[in-house]
Amino acid sequence: MKEKIIALVEELLKVPGGTVSEDTRIEDVEQWDSLAHVLIIGELEERLGISIPLEEAIELTGMRELLEKAGAV
Amino acid sequence: MKIALLSNVNMNPVIRLLGEEAEVYQGEGYGNELGALLNPASSYHAFDPEITFLVMDLMELLGHELDASEAGKRVEAWFSDFEGGLGTDCIYYVSDAWLWGPELSVVQDPMRRRILEGAWLQRLRYCMGNHANVRVFPYAELIGRLGEERAFSLKMWYMGRILLSREAQKLLHESIMEYVLRESETPRKVLLLDLDNTLWGGLAGENDHEPVKLSEEHTGLAYKNLQRVILQMQRQGVLLGIVSKNNEADAERILASHPHMTLSPECFAARRINWKPKHENIRELARELNLGLDSFVFFDDNPAERSLVRETLPQVAVPEFPDKPEDLAPAMAEIYRRYFAKPVLTEEDLGKTAQYAAIAKRREFKREAGSFEEYLQGLQITLERVEPGEHLDRLTQLVNKTNQFNLTALRYTRSELKRMLEEETYRFYLYRSGDRFGDNGIVAALILSLERGTPRVEEFVMSCRVMGRWIERAVLDEVERDMKAAGYERLRGIYLPTGRNMPVEGLYKELGYAVAEELPDGGIAYELEIAKAPERVYYVERG
């Protein structure tokens with residue numbers, strides 16, 4: 001599941017595979033703007049059935065946290 | 001083909017998808033669709049799209065006003081602004097309505113929703129009657145296909161004013177592209193039909209033993225419904241032709257006297273019922289009707305005939321034939337949409353458009369000079385400066401996550417900003433804005449650096465929700481006034497291109513600044529002699 005989530009994030013950010021890892025922080029990725037962030041949360045839910053509650057979704061700061069909330073680590 | 005998608009909700013995800021396939025207007029946020037249309041100097045007009053899609057959320061447009069008469073006024077106000085901003089050489093697709101909002105499910109009157117949607121549709125229809133280049137975009141059908149549960153996402157709405165789910169966004173993107181493709185093709189004129197197992201079930205030549213299937217029930221009804229669709233197409237100007245391998249007398253008997261034939265013999269402009277190869281018949285028909293082969297669509301159940309026509313007459317469109325009779329009528333409707341219903345302007349339409357263009361021209365003076373400004377005035381925009389230290393989170397977010405209206409895209413972390421707030425060398429300008437529909441929140445930030453001589457605008461960002469409202473003019477006016485009061489004569493503004501901040505490329509120039517220095521990577525430093533700042537027009541009530 002972890003790999004799937006990372007692949008989905010990379011796809012939405014339109015960055016090459018391998019760019020995003022568990023240690024990636026949102027502020028380090030230029031493409032990870034607020035719009036991309038909403039799309040990631042939306043696609044996680046629609047495509048992978050992973051629902052991160054609104055307030056947690058807004059406060060996410062990086063991949064590790066995202067994976068934790070998604071129950072993938 | 002250049003296209004634009006304007007909306008009162010955040011359609012940037014769809015614009016992103018469209019951008020992968022088409023040349024699409026990169027917008028100034030959302031909620032400024034009327035401003036973009038009405039302002040002759042807007043980046044929308046500079047982009048000059050050939051097709052503009054307006055996909056409007058009715059609930060937002062009504063400002064959650066569910067009282068029918070009040071809602072009617074808002075719909076009228078929107079359309080009258082919209083009509084004031086229409087050009088004559090662009091085609092506009094305006095969405096029909098799907099009213100959706102959390103409170104709607106507890107409205108007791110079960111007809112309220114339809115009535116409110118009806119108010120929108122009625123006004124849209126009236127508008128289409130007056131403007132041949134305004135058409136309806138079937139948004140409701142798209143939502144209906146998915147159902148509200150799947151089409152809307154409250155979470156994405158809360159996070160970023162994105163109303164549609166990813167699935168619905170993708171569907172909307174596809175649907176828009178379909179319209180764009182159609183606009184670039186010329187419509188076909190003639191539908192050529194086979195008879196046996198196409199207009200009816202079974203074979204005409206054998207109806208002594210077994211009658212053809214055409215009736216009010218079972219498979220017969222499927223064929224009858226197909227004919228109903230074709231009849232409607234014929235009434236809307238599609239020419240019909242028959243190309244069938246049959247004994248003419250057998251076929252004519254059914255055509256003329258079968259009680260369930262919905263299409264009468266007069267419906268057909270031309271027919272070839274014989275045993276000759278079909279491609280030869282089609283060539284003859286083209287000569288007879290004096291039309292190019294690219295005007296024809298050929299509908300036949302026999303795959304061998306279809307492939308013969310495809311190979312010999314590649315200009316003729318040959319759609320697939322459905323496997324099951326129950327799919328016939330919908331397949332024909334799809335053929336209509338795909339090949340015939342192309343909204344190309346007719347001579348008549350053009351005449352009408354020219355007529356309205358004349359009326360529009362008479363109004364032009366008013367439009368250029370006034371109606372955008374009237375619109376801005378009507379918005380009752382408010383602007384209130386707030387204390388940055390009290391809104392550090394929002395400030396950090398604005399500075400780091402704004403892409404379009406962002407002059408330099410310099411990013412600062414929360415702690416950097418916190419430290420800068422305490423330093424004498426920086427001045428912060430942070431604003432909350434609202435309009436007659438409500439509060440838009442804290443939407444604009446400007447950071448001024450006072451180190452070294454001339455004060456410099458390091459950072460100037462504004463949320464896309466309030467772009468195109470001339471708020472930036474009010475903000476810079478205030479900064480310039482302050483600097484003048486502090487004894488400075490000049491103010492410096494920086495533009496650094498990021499690939500996404502094109503909407504503000506010309507901002508400083510437009511506001512009276514002159515180029516002072518060219519910076520590396522395409523950046524430009526502008527300067528203004530504050531005493532010579534131009535008088536700027538804006539409509540903002542200071543809070």
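Me: Leu383(B): buried or exposed?
Reply: Leu383(B) counts as buried, because it has 21 C-beta neighbours inside 10 Å. Keep in mind that this is a predicted model.

Me: What's the cut-off for that?
Reply: A residue is buried if 20 or more other C-beta atoms lie within 10 Å of its own. With 21, Leu383(B) counts as buried.

Me: Which strand is Leu383(B) in?
Reply: Strand E10 of chain B, residues 382-386.

Me: And what is it in contact with, leaving aside neighbours within four places in sequence?
Reply: Leu383(B) is in contact with Tyr431(B), Ser433(B), Ile471(B), Ala474(B), Val540(B), Arg542(B) and Gly543(B).

Me: How far is Leu383(B) from Glu148(B) in space?
Reply: 36 Å, C-alpha to C-alpha. In sequence, Leu383(B) and Glu148(B) are 235 residues apart.

Me: Switching to domains. What does the assignment give for chain B?
Reply: Domain 1 covers 2-185, domain 2 covers 190-340 and domain 3 covers 380-542.

Me: How far apart are domain 2 and domain 3 of chain B?
Reply: Their C-alpha centres lie 66 Å apart.

Me: Now the contact with chain A. How many residues from each chain?
Reply: Chain B puts in 15 residues and chain A puts in 13 residues.

Me: Which elements of chain B give two or more residues there?
Reply: Helix H1 (12-19), helix H9 (154-160), helix H10 (166-183) and helix H17 (392-401) of chain B.

Me: Which one gives the most?
Reply: H9(B), with five residues.

Me: What's that side like by class?
Reply: The side of chain B that touches chain A has five nonpolar, six polar and four charged residues.

Key:
Residues numbered from 1 in each chain as written. Chains lettered and ligands numbered in written order. Predicted model: local features only at pLDDT ≥ 70, side-chain atom pairs only at ≥ 80, totals over all residues. Domains from an automatic or database assignment. Helix = DSSP H or I, 4+ residues; strand = E, 2+ residues; numbered from the N terminus. Buried ≥ 20, exposed ≤ 12 C-beta atoms within 10 Å, placed from the backbone. Contact = placed C-beta atoms within 7 Å. Nonpolar A, V, L, I, M, F, W, Y, C, P; charged D, E, K, R; others polar.
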